[in-house]
Amino acid sequence: MFVAGRTLTAKSGRMADALSLTGAVMSMLNEKYGTNYSIRVDIGGNPNAIFLVTPFETLADYEQMRMSYMADQEINSMLVGSESIGDIVSDGLGEIIKPIGEPGAFASVNTVKVESPKQMEATAFCLEVAELATSITGDEVGLIRPLTGDISELFFVSNFASMEDLNQSNAKLTENEDWLALYEKSIGLIVPGSLHYAIRQKVA
């Protein structure tokens with residue numbers, strides 16, 4: 001299983017317009033090509049960031065969709081003049097190595113960088129982390145390995161129905177001794193200070 005994402009940044013004062021256009025394009029992609037794109041925005045992060053995300057069963061599915069929409073004149077015509085509304089910052093592609101669970105209204109995305117010489121060992125450790133977090137909280141914690149961009153990064157992703165559910169899940173972890181012990185085990189595997197925490201809200 002794989003996940004593809006596109007990050008966009010709305011121009012100042014054009015967030016509503018950017019979300020409207022992105023939503024229209026997303027709906028057309030989902031209708032024409034059978035994708036399951038959703039739109040998320042940052043909570044407590046970049047107020048102009050927009051994240052367009054969808055899963056794919058195989059890379060062949062992703063390639064077929066990408067080639068089709070690039071040649072789609074209807075979609076391309078919708079994007080004419082969009083540079084006045086926002087900018088495409090980056091595309092990303094990743095492999096889901098531990099399932100994320102059903103999409104929710106909110107998602108937590110924890111990003112870490114692993115020590116490159118120990119990438120395989122560090123990935124195995126992060127898989128252990130995701131499995132323990134799932135066991136402690138009862139919430140499915142997925143793990144994504146990037147196939148593009150900075151491949152020393154790994155992403156822990158969880159979905160929640162509300163901000164309160166997300167907060168309660170985090171509280172369960174901070175009170176668990178087995179979880180706290182993982183910080184010491186991470187020495188030499190995770191780049192110090194690399195942990196980045198983000199909350200994303202689904203808006204479409």
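Is D72 buried or exposed? D72 is buried, with a relative accessible area of 7%; buried means under 20% relative accessible area, exposed over 50%, and partly exposed in between, with a 1.4 Å probe and protein chains only. Keep D72 in mind, as the tour comes back to it.

**Before you start**

This is a predicted model, in which local features need pLDDT of at least 70 and side-chain atom pairs count only at pLDDT 80 or more, while totals for chains, interfaces and linings use all residues. Residues are numbered from 1 along each chain as its sequence is written, and side-chain values use heavy atoms, with hydrogens and water left out.

**Stop 1: the whole chain**

Show the chain as a cartoon and color it by secondary structure. You should find six helices and eight strands; helices (H or I, at least four residues) and strands (E, at least two) are DSSP runs, numbered from the N terminus. Followed from the N terminus, the order of elements is β-α-β-β-α-α-β-β-α-β-β-α-α-β. The radius of gyration is 18 Å, close to the 17 Å that the globule rule gives for 204 residues, so the chain is as compact as a globular protein of that length. That radius is taken over C-alpha atoms, and the globule rule is 2.2 Å times the number of residues to the power 0.38. Along the principal axes, the C-alpha atoms fill a box of roughly 55 × 35 × 25 Å.

Now switch on the surface. About 10900 Å² is exposed, and carbon and sulfur atoms supply 55% of it; these areas come from the Shrake-Rupley method with a 1.4 Å probe, and for residues only the protein chains shown count as cover. Of the 204 residues, 40% count as buried. Among contacts (heavy atoms within 4.5 Å) with a separation of 6 or more, 80% are between residues 24 or more positions apart.

**Stop 2: K32 and D72**

How many salt bridges does the count come to? The count comes to eleven, a salt bridge being a side-chain nitrogen of Lys or Arg within 4 Å of a carboxyl oxygen of Asp or Glu. Select K32 and D72 to see one of them: their closest N and O atoms are 2.9 Å apart. The pair links distant parts of the chain, with K32 in helix α1 (residues 15–33) and D72 in the loop between α2 (59–70) and α3 (73–78), 40 residues apart. K32 is partly exposed at 38% relative accessibility, whereas its partner D72 is buried at 7%.

**Stop 3: strand β4 and its partners**

Next, select E95 and R145, whose side chains meet in a salt bridge of 2.3 Å, N to O. E95 sits in strand β4 (residues 86–98) and R145 in strand β6 (residues 141–146), so you are looking at a link between distant parts of the chain, 50 residues apart. E95 is partly exposed at 23%, and R145 is partly exposed at 31%.

Stay on β4 and select K98 with E140, another salt bridge, at 2.5 Å, N to O. K98 lies in strand β4 and E140 in the loop between α4 (119–137) and β6, so the pair ties together parts that are 42 residues apart in sequence. K98 counts as buried at 9%, while E140 is partly exposed at 34%.

For a network of salt bridges, select R6, R66 and D91 together.

**Stop 4: V112 and E115**

Go to V112 in strand β5 (residues 106–113). V112 is buried, at 8% relative accessibility. Leaving out residues up to four places away in sequence, V112 touches C126, S152, E153, L154, F156, I190, S194 and L195. Draw a distance to K202, 90 residues away along the chain, and the C-alpha atoms come out 23 Å apart.

Then pick E115, in the loop between β5 and α4. E115 is partly exposed at 26%. Which residues does E115 touch, not counting residues up to four places away in sequence? They are G188, L189, I190, V191 and P192. E115 and G188 are 73 residues apart in sequence and 7.0 Å apart in space, C-alpha to C-alpha.

**Stop 5: K172**

Finish in helix α5 (residues 163–174), where you will find K172. K172 is partly exposed, with a relative accessible area of 40%. Its contacts, again without residues up to four places away in sequence, are I136 and T137. The C-alpha atoms of K172 and G138 are separated by 9.7 Å, and the two residues are 34 apart along the chain.
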